[in-house]
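User: Please take a close look at one helix of this model and at the partner against which it packs. I would like a connected account rather than a list.

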Amino acid sequence: MYLLFKSLHIISFVAWMSGLLYLPRLFVYHAEEKVNSKTYDRFIIMEYRLLKFIMNPAMIFTWIFGLILVSYDINSIITSLWFTLKFLLVLVLSAFHGYLSKCRKHFSYKSNRNSAKFYRFINEIPTVILILIVLLVVYKPS
């Protein structure tokens, strides 16, 4: 069962990361559109569906399967440096996910105040965190 949960954890994490990388990119193009255009409204639908039907379930499953994996060897895992750092980075990703959700709501209320340049900048955040998480999991520093 361990390998099944590990596989499901990786699959859900990949789906979640895909959304975390794609949604801010949609915001870049959305911020460049006129508020009353059909394209603006189409972006609202796309962002809603991406967040609600892909990103939210993927994040939830990432957490569930990750916690199941930790439960297999909780005493040695939670005291390790690599796990503590990884856990903190996943918390940051979860907060970033929440922030993106808030940004999506601003677009849907037609009250976005951020520029396309801002969204280009924050689009790099999940990439940096992904690199750090992968390095921590592979090298497992003590």
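Analyst: The account below goes from the whole chain to one helix and then to its contact with a second helix. The model is predicted. Its protein chain contains six helices and zero strands, so that the order along the sequence reads α-α-α-α-α-α. The C-alpha trace spans about 55 × 25 × 20 Å along its principal axes.

Helix α2 covers residues 38–72, that is, 35 residues. At 1.5 Å a residue a helix of this length should span 51 Å, and the end C-alpha atoms of α2 lie 50 Å apart, so the two values agree. Helix α2 nevertheless has a kink of about 35 degrees, and L51 is at its centre.

The partner considered here is helix α4, residues 81–108. Two packed helices are described by the angle between their axes and the distance between the axes. For α2 and α4, the axes come within 10 Å and cross at roughly 160 degrees. Because angles over 145 degrees count as roughly antiparallel, α2 is roughly antiparallel to α4. The crossing of the two helices is left-handed.

On the α2 side, the contact is made by Y40, I44, E47, Y48, L51, K52, M55, N56, M59, W63 and V70. L51, the centre of the kink, is thus one of the residues that touch α4. From α4 come F83, F87, V90, L91, S94, H97, L100, S101, R104, F107 and S108. By character, the residues of this contact comprise 14 nonpolar, five polar and three charged. An α-helix has 3.6 residues a turn, so residues three or four places apart point the same way.

Methods: Residues numbered from 1 in each chain as written. Predicted model: local features only at pLDDT ≥ 70, side-chain atom pairs only at ≥ 80, totals over all residues. Heavy atoms only, no water. Helix = DSSP H or I, 4+ residues; strand = E, 2+ residues; numbered from the N terminus. Expected span 1.5 Å × (residues − 1). Bend = angle between axes of the 7 residues up to and from the residue. Axes fitted to C-alpha atoms, helices over the stretch in contact; angles between N-to-C directions. Parallel < 35°, antiparallel > 145°, perpendicular 65-115°, else oblique. Left-handed = near helix turned anticlockwise from the far one by under 90°. Contact = heavy atoms within 4.5 Å. Nonpolar A, V, L, I, M, F, W, Y, C, P; charged D, E, K, R; others polar.
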